[in-house]
Amino acid sequence: MTAAAHAGLHQPVLDWYADHRRDLPWRALDATPWGVFVSEIMLQQTPVARVLPVWTDWMTRWPAPADLAAAAPGDAVRHWGRLGYPRRALRLHAAATAMVASHDGAVPDDLEQLRALPGVGAYTAAAVGAFAFGIRCAVVDTNVRRVHARAVTGSAQAAPALTAAETRLAEELLPRDDADAATWNVAVMELGALVCTAGSPTCELCPISDRCAWLAAGRPAYDGPVKRAQRWAGTDRQVRGLLLQALRDADGPVQQAALDLVWSDAAQRGRCLAGLIEDGLVDPLPDRTYALPA
DNA sequence: CAGACGTGGTT
DNA sequence: TAACCAAGTCT
């Protein structure tokens with residue numbers, strides 16, 4: 001498809017976004033680059049509803065990178081709560097420390113420098129660049145990939161992993177105008193989150209249903225490669241979660257005997273505790289006690 | 001590059 | 001109810 005043909009998608013999506021966008025606090029006019037940065041890390045693989053209260057608490061507690069950098073990494077882990085993937089809290093703390101050390105305490109406004117921060121991959125660098133600084137770049141997340149797969153490619157869902165072709169398509173679809181490009185990125189994400197959802201898309205509410213290749217083809221089922229479902233019950237991930245929860249819920253150091261209660265399999269429990277220590281999420285202290293990192 | 005890495009709501 | 005899903009990153 002040509003760039004001119006793609007351009008026909010822009011206005012309906014931009015108009016739809018103006019009418020249906022959610023008023024999320026990190027999208028407010030007074031949101032800071034730091035607020036955007038924190039939101040993007042928290043939103044990785046995590047629903048908006050669960051992020052909202054934690055983000056608000058973090059912004060009050062640590063309104064600037066230097067505030068978080070001055071705190072103990074364990075405080076970041078503690079106040080991460082039950083968002084999941086707690087290594088993100090540690091990386092956020094490390095990113096704040098890097099901002100203080102190398103960027104005058106500010107979120108860098110450059111894609112390469114953003115990408116170099118811990119916990120920041122291609123998606124997050126682009127998202128912060130676009131949403132906090134208005135940089136014209138393609139933001140490609142799971143929502144965007146799904147919308148593009150359906151509307152343009154005609155497939156029910158995107159491939160298991162991001163491909164070079166998808167990135168190229170996203171760049172081709174980007175509006176020329178800087179301001180339009182920034183809005184386009186968030187608008188397509190929002191469309192994927194609210195209308196063009198994974199499970200049961202509401203095509204009747206979609207602003208580009210009349211141009212959607214997948215809908216035109218009769219919404220054919222996905223026939224590409226599938227990714228294996230992740231197990232949970234009994235995995236190390238579950239045990240790590242239980243151990244860390246015990247440490248978060250305690251005021252200070254926790255006796256090994258208390259940790260022994262969270263999982264009966266001693267070998268697995270020991271392996272997971274060692275892994276948490278290795279990851280820097282737990283500090284081993286004298287007398288067989290453990291704590292969140294100081 | 002496939003697999004590890006949390007958590008809880010929805011279908 | 002088991003499986004799927006949610007603004008990915010790192011190794």
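Start at the largest cavity of this predicted model, which has a volume of about 110 Å³. A cavity here is a set of points, on a 1 Å grid over the protein atoms alone, where a 1.4 Å probe fits but cannot get out. Its volume is the space filled by probe spheres set on the points, with grid points joined across faces, edges and corners. Select R150, C196, C203, C206 and C212: of the 14 lining residues, these lie nearest the centre of the largest cavity. A lining residue has an atom within 4 Å of a point.

The lining of the largest cavity divides into twelve nonpolar residues, one polar and one charged. In this classification Ala, Val, Leu, Ile, Met, Phe, Trp, Tyr, Cys and Pro are nonpolar, Asp, Glu, Lys and Arg are charged, and the others, Gly among them, are polar. Colour helix 9 (142-153) next, since the largest share of this lining, three residues, comes from helix 9. Helix 12 (213-216) also supplies at least two residues of the lining. Helices (H or I, at least four residues) and strands (E, at least two) are DSSP runs numbered from the N terminus.

Stay with the cysteines. The structure holds zero disulfides (pairs of cysteine sulfur atoms within 2.5 Å). For C196, the nearest cysteine sulfur is that of C206, 6.3 Å away. C196 is buried, with a relative accessible area of 10%. C272 is buried as well, at 3%. Buried means under 20% relative accessible area, exposed over 50%, and partly exposed in between, with a 1.4 Å probe and protein chains only.

Keep helix 9 on screen and move to the second largest cavity, of about 50 Å³. Select L9, V13, V147, H148, A151, V152, L173, W184, V188, L191 and I208 to show its lining. Helix 9 gives the most to this lining, with four residues. Helix 1 (3-20) and helix 11 each supply at least two residues too. By class there are ten nonpolar residues, one polar and no charged. The structure holds three cavities of 30 Å³ or more.

Now look for open space. The second largest pocket holds about 240 Å³. A pocket is an open set of grid points with protein on both sides within 12 Å along at least five of seven lines. Select A149, T153, A158, A159 and E166, which are the closest to its centre among the 17 lining residues. Helix 9 and helix 10 (164-173) are the elements that give two or more residues to this lining. Its residues divide into nine nonpolar, five polar and three charged.

Next, show DNA strand C. Which residues are the closest to DNA strand C? They are L43, G121, T124, D141 and N143, out of 27 that surround the strand. A residue is near a strand if one of its heavy atoms lies within 4 Å of it. Sugar and phosphate account for 65% of the atoms of DNA strand C that come within 4 Å of the protein. Helix 8 (122-133), helix 9 and helix 11 (178-194) each supply at least two residues of this surface. The surface has 13 nonpolar residues, seven polar and seven charged.

Draw the polar contacts, meaning pairs of N or O atoms within 3.5 Å; within protein, one must be able to donate a hydrogen and the other to accept it, and residues adjacent in sequence count only if both atoms are side-chain atoms. On DNA strand C, a polar side-chain atom of T124 sits 2.7 Å from a phosphate oxygen, and one of Q45 sits 3.0 Å from a phosphate oxygen. The side chain of D141 places a polar atom 2.8 Å from a sugar or linking oxygen.

Leave Q45 selected and bring up DNA strand B. A backbone N or O atom of Q45 lies 3.2 Å from a base nitrogen of DNA strand B. A polar backbone atom of L83 is 3.1 Å from a base nitrogen of this strand, and one of Y85 is 2.8 Å from a sugar or linking oxygen. Of the 16 residues surrounding DNA strand B, the closest are R82, P86, Q230, R237 and R240. Sugar and phosphate make up 57% of the strand's atoms that come within 4 Å of the protein. Helix 13 (residues 236-249) gives the most to this surface, with five residues. By class the surface has four nonpolar, five polar and seven charged residues.

Finally, zoom out to chain A. Its secondary structure comes to 15 helices and three strands, and its C-alpha trace spans about 70 × 45 × 30 Å along the principal axes. Buried residues make up 43% of its 294 residues.

Residues are numbered from 1 along each chain as its sequence is written, and chains are lettered from A and ligands numbered from 1 in the order in which they are written. In this predicted model local features need pLDDT of at least 70, side-chain atom pairs count only at pLDDT 80 or more, and totals for chains, interfaces and linings use all residues, while side-chain values use heavy atoms, with hydrogens and water left out.
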